[in-house]
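Subject: the structure, and what turned up in it

Hi,

Here is the structure I promised to send over. Have a look at it first, and then read on for my notes.

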Amino acid sequence: EDVAVTNNGWIRASSLRYPNSILMGCNQHFYATGNTEHNCSASAEWEPRIDMTCNTIQCPRIAFSSPTIVTYTSEERLPTSRVTFSCERGYSLTRPEDNIHQCISECTGTDDNRYPECQPVGIWFGNGNGSCKATSCGE
């Protein structure tokens, strides 16, 4: 029985004849569903039946609400995509150096999932004992 390479996939085999086996897989940024290893039987059938498909890895949407603004370089959220965090006016990022994250291809979403957050920007007033308290400026 002929073996067709699935879209975005590959096949490794030394021979397509009995009693050899094949290994199927997916290209980078894709993941396999179905069986990836198949044996050629004496009756010239692949066992198990070839049913593997390659699917695009898509990073999950990051759930944030106002005042955090999340911007994707691609709405498909592919492994090559980046997400940038920013804040609405009157707020600033807790870790501005960490405002860009990249989706990775291990299907785990974006890197380490430690995202910056937005905090109110305020004016600091002394309270007489050497410590300060934040007071929102309002707009």
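Below is what I found, going from the sheet to the cross-links and then to the cores.

One thing up front: this is a predicted model.

**The sheet**

Let's start with the strands. Four of them, in the order 1-2-4-5, make up an open sheet with antiparallel pairing. Its edges are strand 1 (9–12) and strand 5 (46–47), each of which has a pairing partner on one side only. As a reminder, strands of a sheet pair through backbone hydrogen bonds, either parallel or antiparallel. If you zoom in on strand 4 (residues 37–40) and strand 5, you'll find them running antiparallel and joined by 2 bridges. Asparagine 39 has glutamate 47, in strand 5, as its bridge partner. Cysteine 40 is worth a click too: its relative accessibility is 9%, so it counts as buried.

**The disulfides**

How many disulfides does the structure hold? There are 2.

One is formed by cysteine 26 and cysteine 54, with 2.1 Å between their sulfur atoms. Cysteine 26 sits in strand 2 (residues 21–26) and cysteine 54 in strand 6, so this pair ties together parts of the chain that are 28 residues apart in sequence. The link is left-handed, at -95 degrees about the S-S bond, and both cysteine 26 and cysteine 54 are buried.

Cysteine 87 and cysteine 118 are also joined by a disulfide, at 2.0 Å from S to S. The torsion about the S-S bond of cysteine 87 and cysteine 118 is about -95 degrees, which makes this disulfide left-handed. It links distant parts of the chain, since cysteine 87 belongs to strand 8 and cysteine 118 to strand 11 (residues 118–120), 31 residues apart. Cysteine 87 and cysteine 118 are both buried.

**The salt bridge**

The count here comes to 1 salt bridge. Glutamate 75 and arginine 61 meet through their side chains, at 3.0 Å from N to O. Glutamate 75 is in the loop between strand 7 (68–72) and strand 8 (82–87), while arginine 61 is in the loop between strand 6 (53–56) and strand 7, so the pair ties together parts 14 residues apart in sequence. Buried or exposed? Neither, as it happens: glutamate 75 is partly exposed at 49% relative accessibility, and arginine 61 is partly exposed as well, at 46%.

**Around threonine 36**

Threonine 36 is found in the loop between strand 3 (30–33) and strand 4. With a relative accessibility of 26%, threonine 36 counts as partly exposed. Leaving aside residues up to four places away in sequence, threonine 36 touches Ile22, Leu23, Met24 and Met52. Isoleucine 50 is 14 residues away from threonine 36 in sequence, with 8.1 Å between their C-alpha atoms.

**The cores**

In soluble globular proteins, nonpolar side chains tend to be buried together. Here the largest nonpolar core has 8 residues: Ile62, Tyr72, Val83, Phe85, Cys87, Leu93, Tyr115 and Cys118. Strand 8 gives the most to this core, with 3 residues. You'll recognise Cys87 and Cys118 in that list as the partners of a disulfide.

Another core, of 7 residues, lies apart from that one and has Ile22, Trp46, Met52 and Cys54 among its members. Of these, Ile22 and Met52 are also contacts of threonine 36.

Cheers

How values were computed:
Residues are numbered from 1 along each chain as its sequence is written. This is a predicted model: local features need pLDDT of at least 70, side-chain atom pairs count only at pLDDT 80 or more; totals for chains, interfaces and linings use all residues. Side-chain values use heavy atoms; hydrogens and water are left out. Two strands pair if DSSP finds at least two bridges between them. Helices (H or I, at least four residues) and strands (E, at least two) are DSSP runs, numbered from the N terminus. A salt bridge is a side-chain nitrogen of Lys or Arg within 4 Å of a carboxyl oxygen of Asp or Glu. Buried means under 20% relative accessible area, exposed over 50%, partly exposed in between (1.4 Å probe, protein chains only). A disulfide is a pair of cysteine sulfur atoms within 2.5 Å. Contact means heavy atoms within 4.5 Å. A nonpolar core is a set of buried Ala, Val, Leu, Ile, Met, Phe, Trp, Tyr and Cys residues joined through side-chain atoms within 4.5 Å.
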